[in-house]
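The report that follows goes through the fold, the strand pairing and some local backbone features. It is best read with the coordinates open alongside.

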Amino acid sequence: MSDLRKVAGIDQLQKGVLKVEIDGEEILLIKDGEKIYALSNICSHQEKELSSGFLENGVWVCPHHGARFDIKTGEALSMPAVEGIKSYKVEIKGNDIFIEMEDE
Ligand code: FES
């Protein structure tokens, strides 16, 4: 089962990235062109925050040791991360951003 949850308004994403917290999960919203993606904000390498990293050609770069993650899937693309991070399905309705959370 999954649950669609409103996390932000589109206007809150003007800087291109926004950190939100929902059900204790830290989630990073990333705007790439007209698309919005949602990833865990916690790097799989040393569990540090990803939010001060940067976007480069569809890839989010961890600010701590440079691991790279595919923003569409959360897949780890380079060392030192060997495991991916969680990605969330995003839906836009009007001016609101929703993400799909899995029920426990
Ligand atoms: S904490 Fe992200 S690469 Fe080390």
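## Backbone and fold

At a relative accessibility of 77%, asparagine 57 counts as exposed. The model is predicted, and in it asparagine 57 sits in the loop between β5 (54-56) and β6 (59-61), with a phi near 50°, a positive value in a residue other than glycine. Aspartate 23 also has a phi near 50°, again positive in a residue other than glycine; aspartate 23 lies in the loop between β2 and β3 and is exposed, with a relative accessible area of 53%.

The table sets these two loop residues side by side.

| Residue | Loop | Phi | Relative accessible area |
|---|---|---|---|
| Aspartate 23 | between β2 and β3 | near 50° | 53% |
| Asparagine 57 | between β5 (54-56) and β6 (59-61) | near 50° | 77% |

Another backbone feature is found in the loop between β7 (68-70) and β8, which is where proline 80 is placed. The peptide bond that joins methionine 79 to proline 80 is cis, with omega at about 5°.

As for the overall architecture, the protein has 10 strands and zero helices, and its pattern along the sequence is accordingly written β-β-β-β-β-β-β-β-β-β. For 104 residues a compact globule would have a radius of gyration near 13 Å, and the 13 Å found for the protein agrees with this. Along the principal axes, the C-alpha atoms fill a box of roughly 40 × 30 × 20 Å.

Of the 104 residues, 37% count as buried, and the accessible surface comes to about 6,200 Å², with 43% of that area belonging to carbon and sulfur atoms. Among the contacts between residues at least 6 apart in sequence, 40% join residues at least 24 apart. The side chains include 12 positive and 20 negative ones, and the centres of these two sets lie 5 Å apart.

How are the strands of the open sheet ordered? Four strands form this sheet in the order β2-β3-β4-β8, and the pairing is antiparallel. At its edges stand β2 (17-22) and β8 (87-88), each with a single partner strand, so one side of each is left without a neighbour in the sheet. Within the sheet, strand β3 (residues 25-32) and strand β4 (residues 35-40) run antiparallel and are joined by six bridges; lysine 31, for instance, has isoleucine 36 in β4 as its bridge partner.

Strand β9 (residues 90-93) and strand β10 (residues 96-102) also pair in the antiparallel sense, over four bridges. These two strands form a hairpin with two residues between them, and glycine 94 in the turn has a positive phi of about 65°. In this pair, isoleucine 92 stands opposite isoleucine 97 in β10.

The edge strand β2 also holds leucine 18. Is leucine 18 buried or exposed? Its relative accessible area is 19%, which is under the 20% limit, so leucine 18 counts as buried. Leaving aside neighbours within four places in sequence, leucine 18 is in contact with Ala8, Gln12, Leu13, Ile27, Leu28 and Leu29. The C-alpha atoms of leucine 18 and leucine 39, which are 21 residues apart along the chain, are separated by 11 Å.

Terms used. Residues are numbered from 1 along each chain as its sequence is written. This is a predicted model: local features need pLDDT of at least 70, side-chain atom pairs count only at pLDDT 80 or more; totals for chains, interfaces and linings use all residues. Side-chain values use heavy atoms; hydrogens and water are left out. The radius of gyration is taken over C-alpha atoms; the globule rule is 2.2 Å times the number of residues to the power 0.38. Buried means under 20% relative accessible area, exposed over 50%, partly exposed in between (1.4 Å probe, protein chains only). Contact means heavy atoms within 4.5 Å. Accessible areas come from the Shrake-Rupley method with a 1.4 Å probe; for residues, only the protein chains shown count as cover. Lys and Arg count as positive and Asp and Glu as negative; His and the chain ends are not counted. The place of a charge is taken as NZ of Lys, CZ of Arg, CG of Asp or CD of Glu. Two strands pair if DSSP finds at least two bridges between them.
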